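This briefing concerns the binding sites of a predicted model. Please consult the sequence and the structure shown here while reading.

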Amino acid sequence: MKEHRFASDLIARVQALRRDHRAVQDESAVESMRRIFITFWFFAPFELALAIWYWNYQLPENPPEAQLWAHSLFLLHAITAATTLLLVAVVYRVLHRPNLSTRTAIALQVLMCFTYLMYGVAVSYFDVAVGGTEAFILVCFAVSGLSLMRPLVSLALFSVTFVAVWQMLLLSDENGRQLAIMRLNTLAAVILAVIVSVIIFHQYAKGLLLRRELEVLASQDALTLLPNRRELVDRLKKALNFTARLGSSGALLFIDLDQFKNINDTRGHNVGDMLLKEVAQRLVASVREVDTVARLGGDEFIVMLENLGDDLDSAARQAEVVSEKILKKISQPYFLAATEHHSTASIGVALFSPTEHSVDELMKQADVAMYQAKDAGRNTVRFYDAQMQAKLLERAAMEDDLREAIEQGQFVLHYQPQVDSAGVVLGAEVLVRWLHPRRGLVAPGQFIPLAEETGLIGDLGKWVLVTACGQLSRWAIQPSLSPLSLSVNVSSHQFRQTDFVDQVTRILSDTGADPQRLKLELTESIMVRDVDQVIAKMNALKGQGISFSLDDFGTGYSSLSYLKRLPMDQLKIDQGFVQDILIDPNDAAIARMVIALADSMQLSVIAEGVETQAQCDFLARLGCHSYQGYLFGRPVPVAEFEALVIQA
Ligand code: C2E
Ligand code: CA
Ligand code: CA
């Protein structure tokens, strides 16, 4: 398997070299034609001038050969002038054509070279003086040498000239010594011309190859040597055209390494790079030769599978098989810098069929599916499907709506009573509701998570705090309502804002609310990061008189040692444990434990979600003395809540 791959690699390389050489030849044909053409700009007028000069030449009477000589020279220069002018005109026109073919360029180049060569031969016949011949021949060879990139053509031109000149010299009537010198000159000229030609060719080819190399680099990822994003987009475009024409489907696999950042952070970028290279190799080894493996950047790779047949279901199965194979390969151990590493990947698959699809759309689909794979717990494959996309679109629309809602103040607070064991209302938890212009009253479960993800919770939470504090200060002047306190939910994201303490302080002073009446409900997720910072903030707020309740207690996985350090005032038994407290002994045990814990830490405790008297009695026997739940009242608008308190 390995040997086979090596051999085919080699063949591919040789083919690439050949292609390069051809490309060099093709490009050079035009370029060398252009260069020879430039010399014609000088050659043509020069010949015209010579022809005119010989036309006006004062012919001597004797000897008669002199007349013949002058006539012949006029004819030679006149014919050459006419030919070169014609060629200048033709080449000039051809060069300005938009798509000049290689063949035309070569043909014209050969014609120009041939003109030079014949001219050299002819002149050498007439001007046999030592030192005159080789000058021409040198020019001819040097110029025709520019076409060396077509070795056979050049060789033919060389041979014709060489033989012709040699024969010319035989015809001449010089004595033996002079003849030998002339032949030596000719030979020297040939050698010089070859050297000049080779240098020209070499320089030129080098430049061209360099340019091609740069082109390759621009389409290649420097680290893994895989095609980069640009190249991938090109290939994907081609694949989509191909699919549309031939009706065969394909798949795009979006591969993202799981927790790659960890390796980079803990082991350094060097090891990270090594891992990426190894992953690249494993990906290439997992697919067919014809498939494309590309790196988008970072730890993101794309595999493009083409020609998966015309049945989309079968294409999906093939894509799944390949994906599973990739997952397996990637999850095998890595030996990097003498240590063993483990890595997994999440793969999102988007299928493409002859219908529709743009490159952007397809990439986005694969990306979306990849995120689904991440959500599903990583090291897994997910296919893009339209339903999922609809959900995402809905989410995006909701996000826009939410932004607008915050600007326009489309929220209201509902108040749910919190009571003591005698049923006396101590206060309320404020629960936000969204009065959506089209959807009606939306429950927080449908928008709080989104607000948290998008960061909108900051503004929303602030509004809740301002409204609750405003309410507290209004109650402060009504004797029947002034003892009430309010619990406000603060999400971890909001609490982590650097200016949270300042924010609350300002709200308290702006509204004039009594901090003693304000309780903030935090969840265990607050302890995930920077516990020291959290404690500092809580202490700062407690210093002002605010108290804290730990919401949904028991549902998180917070360590008790951390919990002990938090300056809490109250634990809130989650409604999940209250619901089945009478039937599920585990729930009862947890409730009992929370109450015992609160006792030992000298915290108060409240149970939420109390719906029946039996639940309430059971909790009371365990030692719980505050309650919240439908049994005592549902969350209601403030007026209703006030009525409830005043009636009692
Ligand atoms: P939570 O803090 O645990 O609030 C208690 C939820 O339980 C409320 O749902 C309340 O209506 C419901 N509930 C109260 N008594 C009972 C009962 O006896 N039986 C049952 N089945 N349910 C009961 P809601 O109002 O839909 O709020 C859901 C969650 O939304 C809250 O859970 C809280 O996490 C979040 N939330 C609500 N308002 C805000 C807010 O202003 N800021 C933030 N950050 N989160 C909020
Ligand atoms: Ca709460
Ligand atoms: Ca709760």
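The points below treat the site of ligand 1 and then the calcium ions.

In this predicted model, ligand 1 occupies the second largest pocket. E429 has a polar side-chain atom 3.2 Å from an oxygen atom of ligand 1, and E429 is also a protein donor of the calcium ion (ligand 2).

**Surroundings of ligand 1**
- The shell comprises 20 residues, of which Q416, R433, Q575, E611 and Y630 come nearest to ligand 1.
- By class, eight of the shell residues are nonpolar, six are polar and six are charged.
- Two elements, β9 (425-436) and β13 (547-553), each give two or more residues to the shell; β9 gives the most, with four residues.

**Polar contacts and coverage of ligand 1**
- An N or O atom in the side chain of Q416 is 2.8 Å from a nitrogen atom of ligand 1.
- The side chain of R433 places an N or O atom 3.0 Å from an oxygen atom of ligand 1.
- Of the 790 Å² of accessible area that ligand 1 has on its own, the protein covers 81%.

**Calcium ions**
- The calcium ion (ligand 2) has as protein donors E429 (OE), N489 (OD1), E521 (OE) and D551 (OD), at 2.1 to 2.3 Å.
- The spacing of these donor residues in sequence is E-x59-N-x31-E-x29-D.
- N489 belongs to strand β11 (residues 485-489) and E521 to strand β12 (residues 518-522), so the pair ties together parts that are 32 residues apart in sequence.
- D551 bridges the calcium ion (ligand 2) and the calcium ion (ligand 3), and the two ions lie 4.0 Å apart.

Conventions: Residues numbered from 1 in each chain as written. Chains lettered and ligands numbered in written order. Predicted model: local features only at pLDDT ≥ 70, side-chain atom pairs only at ≥ 80, totals over all residues. Heavy atoms only, no water. Near = heavy atom within 4 Å. Polar contact = N/O pair within 3.5 Å; in protein donor to acceptor, adjacent residues only side chain to side chain. Areas by Shrake-Rupley, 256 points an atom, 1.4 Å probe, with all protein chains shown as cover. 1 Å grid on protein atoms, 1.4 Å probe; cavity = no way out; pocket = protein on both sides within 12 Å on 5 of 7 lines; lining within 4 Å. Sits in = over half its atoms within 2 Å of the grid points. Nonpolar A, V, L, I, M, F, W, Y, C, P; charged D, E, K, R; others polar. Donors = N, O, S within 2.8 Å, 3.2 Å for Na, K, Ca; no water.
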